[in-house]
Amino acid sequence: MIRRAGILVAAFVAAGYAAPNEGSVSPITLRAAAERRGLLVGAATMSGTLKDLRHAETLAREFNLVTPENEMKWAFIRPTRQTWNFAGADRLVAFAEKHKLAIHGHNLLWYAHNPPWLTAMPWTPAQTQQLMTEHIGTVVGRYRGKIAIWDVVNEEINEQGLLRKSLWSRAGTNYLSLAFRTAHEADPKAHLVYNDYGIEEVNRKSDGAYALLKSLKAQGAPVHGVGFQCHVEGNGPDLESFARNLQRFADLGLDLHLTEIDVRIKVPATPQDYARQARVYRGLIATALKNPRTKSVTTWGHSDAHSWVPSFFKGFGDALPFDARYQPKPAYEAMRQAMMESAPRH
Ligand code: XIL
């Protein structure tokens, strides 16, 4: 199962791949620290941003995993019912192959970021099911063998811990199980994940995610991992609760992924804010890595030059480990330390 990602890292290491250190910001990059421990360390990006050399170089040097921030979402890939647009996704896959980064595909089903043609229609259950399976089969099939991890279902639990009444829920009672089975058929080796936000601590929402995953497992659905997005602020989640929560998902037989980490702070920020941010990064990652089922740690972007935070959280910014000039921040060092101190998982 997550052995997928483990094998992948092991293969890079066995091939003698070493992250280029020249001009690097520290003697051991995040990537090198992760690979020594059999871990994946990732960042989300848009393909257009890779035209900025500093962006591309930092990504290839510091990370061994990449998540397409937007370009595999329905709104991008499926502009109309009849047309597919894989251009951005293909560019990201090519970049990842060139620089030997694994890929975390994001995502196949989400209530948000869907094209207007899809959300406008009151599709029947049969049509919804058809759209869903056709989409998953096509996208996963196209990248079969190239995408190690897939977020099959994104954010389907609401704040009450119940399934959302999303457009996908019209597809019938076992629609999520069907989504995972379809993805598995299209690429039997891919590691399949349920991903959500606000489920880091033991709370109503994570109880809901836990119940969902338990029932999917009981139905025999090929779900292999759970993604904790970790879009956080302030002091971040309570770490004791986070550790306990991770463990209960691991006990279901799932691998654990931190999928979209960013720690937003009020801007302009003070040195104290950056120091506190670093402590939150360190706490999140060190706590997750204490659990042997944690296989990947991904930040939602890597430089403050490109982050969704300023436009989605008014007054906040500077949420990532590199500043807008691609210089490492205290949060970078905190990530590195947390990885260096973790036990190897080969
Ligand atoms: C965000 C992107 O970062 C933005 O560029 C986009 O406008 C909206 O989506 N949870 C997710 C991600 O699963 O896909 C979201 O990404 C952030 C929240």
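Mentor: Let's start with a rule: a polar contact is a pair of N or O atoms within 3.5 Å, and within protein one must be able to donate a hydrogen and the other to accept it, while residues adjacent in sequence count only if both atoms are side-chain atoms. Our model is predicted, and local features need pLDDT of at least 70, side-chain atom pairs count only at pLDDT 80 or more, and totals for chains, interfaces and linings use all residues. Residues are numbered from 1 along each chain as its sequence is written, and side-chain values use heavy atoms, with hydrogens and water left out.

Trainee: What makes the approach of Lys73 to the ligand a polar contact?

Mentor: An N or O atom in the Lys73 side chain is 2.7 Å from an oxygen atom of the ligand, and the limit is 3.5 Å, so the pair qualifies. Glu260 has a polar side-chain atom 2.8 Å from a ligand oxygen, and Gln229 has a side-chain N or O atom 3.3 Å from a ligand nitrogen. On its own the ligand has 410 Å² of accessible area, of which the protein covers 84% (Shrake-Rupley method, 1.4 Å probe; for residues, only the protein chains shown count as cover).

Trainee: Which residues come nearest to the ligand?

Mentor: Glu69, Lys73, His106, Glu260 and Trp300 do, out of 14 around the ligand; a residue counts as near if one of its heavy atoms lies within 4 Å. The shell divides into four nonpolar, six polar and four charged residues. Asp, Glu, Lys and Arg count as charged, Ala, Val, Leu, Ile, Met, Phe, Trp, Tyr, Cys and Pro as nonpolar, and the others, Gly among them, as polar.

Trainee: Why is the meeting of Glu159 and Lys205 called a salt bridge?

Mentor: The N to O distance is 3.5 Å, and a salt bridge needs a side-chain nitrogen of Lys or Arg within 4 Å of a carboxyl oxygen of Asp or Glu, so this pair passes. Glu159 lies in the loop between β4 and α8 (175-186) and Lys205 in helix α9 (residues 204-218), so the bridge ties together parts 46 residues apart in sequence. By this rule there are 19 salt bridges.

Trainee: How do you know whether Lys205 is buried or exposed?

Mentor: Its relative accessibility is 3%, and it counts as buried, because buried means under 20% relative accessible area, exposed over 50%, and partly exposed in between (1.4 Å probe, protein chains only). Glu159, at 41%, is partly exposed.

Trainee: What joins Asp207 and Arg248?

Mentor: A salt bridge, at 2.9 Å from N to O. Asp207 is in helix α9 and Arg248 in helix α10 (residues 239-250), 41 residues apart. Asp207 is partly exposed at 36%, whereas Arg248 is buried at 19%. In addition, Arg78, Arg81 and Glu134 form one network through salt bridges that share partners.

Trainee: What makes β4 largely enclosed?

Mentor: Six of the six residues of β4 are buried, so the rest of the structure largely encloses this strand. Strands here are DSSP runs (E, at least two residues), as are helices (H or I, at least four), numbered from the N terminus.

Trainee: How do you know that β3 and β4 pair?

Mentor: Five bridges join these parallel strands, and pairing needs at least two bridges found by DSSP, so they pair. His104 partners Ile149 in β4, and Leu109 stands opposite Val153. Ile149 also has His191 in β5 as a bridge partner, and β4 pairs with β5 (residues 191-196) in the parallel sense over five bridges.
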